[in-house]
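Q: I have a model open on my screen and would like to learn how to read it. Can we go through it together?

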Amino acid sequence: MKNWLLTASLLTVPLISPAWEFRGEVALEGRYFTQDSPYPQADYSTNGSGYIKPEVFHEWNNRDDLFTFIPYVRVDEHDSERTHWDIRELSWIHVGNGWESRVGIRKVFWGVTEGRHLVDIINQTDQVDQVDGEEKLGQPMINLSTVRDWGIVDVFVLPGFRERTYAGEEGRPRTPLPVSDNAQYESSKENQRVDFAIRYQQYFDNGLELALSHFSGTSRDPLLVPDSLTLAELQALIASGQLPSGSDPEFTPLYNVIDQTGLELQYLNSGWLWKLEAISRSGQGERFNAVDGGFEFTQVGLFDTATDLGWIVEYIWEDREDSLASPLASDVLLGTRFTFNDVASTEILAGIIYDTQDEEKAISLESSRRFGNSLKASLEARFYTDTGKPQSASALYRDVLRNVNSNPGLGPISRSDFVQAELVYYF
Amino acid sequence: MNARLLPAALLMALATPAVLAQTPEEKGLEIAREADSRGEGFGDFQADMKMVLISKSGQTSDRELRVKTLEGTGEEEGDKSLTIFDTPRDVRGTAMLTFSYKTRDDDQWLYLPALRRVKTIASRNKSGPFMGSEFSFEDMRGQEVEKYTYKYLRDEACGELTCFVVERYPQDENSGYTRQVSWIDQQEYRTWKVDYYDRKESLLKTLTASDFSQYKDKYWQPGKMSMVNHQTGKSTDLFWSNYRYDTGLSESDFNKNSLKRAR
């Protein structure tokens, strides 16, 4: 954390104007796991957790300067890794004529699809915080953005790298082996390397939106390399979910230096929102490509009520031919969203990701509603299925690695189906 | 002219003496154009809005938002607007950017602050409720003259004023209405009341505007708008305040970059 705090301290914020705003959210979460844990260290079926996320804003210079500070702390009952803190944002935005600079720790999202955020690469995933990968760690950056008639260009200088967070041995869901704190880097500068990114986006008034991006730097997705794991240990691990006593192997995250070019396309035509994200990445084994494409369509006013029913269909494909990853990923996402458009903003979202290669399914159900003005409650369920066990030793070996490295949502968290209730209070 | 109106126009032509130079359709359009032109040239404005949602049993729920609008200048372009949501608190910081057009669907983007994500709104949702209120998305959007055809019905007293009663027909096939009957005063061309008829031709809602104030010696804005849903018994009161004109807004305040830092 040292290097990004250093970047943050470069910020000088005049503390003169009284226009400060303080707000935030605090939440409590309870989980019930419907299956027994295969790991003795994580042998529990209920877990409590909570977080607090205060937000401080300050504007001055006729709103041309904006300061934001958002720290984040989560406490978890069982998993010491999930008990963690972060600075989600500590930034200064300055708006000029046709350009703006954004300096400090920030979060940036790129992309249009729902299934996999292939193009999104600026921030590291806070994997231990949320299994859906939507939660991100703050990234130190200097970002210049220019707005012209022909589009918006963003240039990023990214000093300091954030390692992905993983559940600990007591965590549910967790990786089959614990993930080591001693990450390996391809760059000799390790986590001090300065990364670069650029993105061009344009919107055309015929409903077409386009973005092209390139990232050059340390990969946000590490390859998890199992160290000192014999085939016997691996087979024991797969068969029983436990290692023979006495063996204590770990996954070591390996962060390669990569170049990734990304394309985002979106086309809106009479209520159909067509989406495509594609990437080509080199530096992590052989160059590979991945595509996520599909559509979103909303049926308005279902059965003459105020309820809308949205459909999301996407196909996800990846031609990664790395020995440490899958030969081919080919997933289908089907999602439906009921929006009741009521006073409480009630929503139900159901999604299934189906892996066409080995017929694994990840099912998620989310629903939320508001109580009063400041309270929001949500219920969430996540279920995973996998059919049959792989046959040969090599298939076993590939399976565990593939699951960890290119399909993080599925295999490794099998036997960690859960139902979750969360209550968020906004202050 | 809309094909649907043609038989009505023919009937009118047959039934009225030739001395009547203007058809009801022409007069309706003229009134709509006049009302529109009286709102033209405002440049830009900002205002605060509070919505009070009232259930059938009288329970209330509040929503607060702020609106920034820049007047459109081009032939096809309508106004650009930025809506920032302040309450309920779980949607705080959410912002909506709208580019309206005279003859086609608006372009709309929603900024979701928790995800730092800008999402395109697939804009077929016209009849759906805006934030759970009795105002639908199409009620909240720019009322461009070209989006309707018109028919003048009659003159009628409205309070101390005399109003034109004009019927208008949405051109958009995704509209939730077959027709709207509006009461527009003959002095200042302010809309005081609108009856909305649903797709089954039954009276759905009534909008009543009141507490008008004049800004820049020209532009009239209502301080209160009440929408009553006759079919559900629910209603929404919308209160406008803090109207400011000439606030120095420009094109650069209405793009995806400014949407992401809208506060």
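A: Sure, contacts come first: two residues are in contact if their C-beta atoms, placed from the backbone, lie within 7 Å. This is a predicted model, where local features need pLDDT of at least 70, side-chain atom pairs count only at pLDDT 80 or more, and totals for chains, interfaces and linings use all residues. Residues are numbered from 1 along each chain as its sequence is written, with chains lettered from A and ligands numbered from 1 in the order in which they are written.

Q: How many residues does each chain bring to the contact?

A: Chain A brings 35 residues and chain B brings 26 residues. Strands here are DSSP runs of E, at least two residues long, numbered from the N terminus. On the side of chain A that touches chain B, S2 (46-60), S6 (139-148), S13 (257-269) and S15 (285-299) of chain A each supply at least two residues.

Q: Which strands pair with S6(A)?

A: Two strands pair if DSSP finds at least two bridges between them. S5 (residues 99-106) of chain A pairs with S6(A) in the antiparallel sense over eight bridges, and A:Gly104 sits opposite A:Met141 of S6(A). S7 (residues 151-159) of chain A is also antiparallel to S6(A), over seven bridges, and a hairpin of two residues links S6(A) to S7(A). A:Asn143 has A:Phe156 in S7(A) as its bridge partner.

Q: What does A:Phe156 touch?

A: Leaving out residues up to four places away in sequence, A:Phe156 touches A:Ile122, A:Met141, A:Asn143, A:Phe196 and A:Ala197.

Definitions and conventions:
Helix = DSSP H or I, 4+ residues; strand = E, 2+ residues; numbered from the N terminus.
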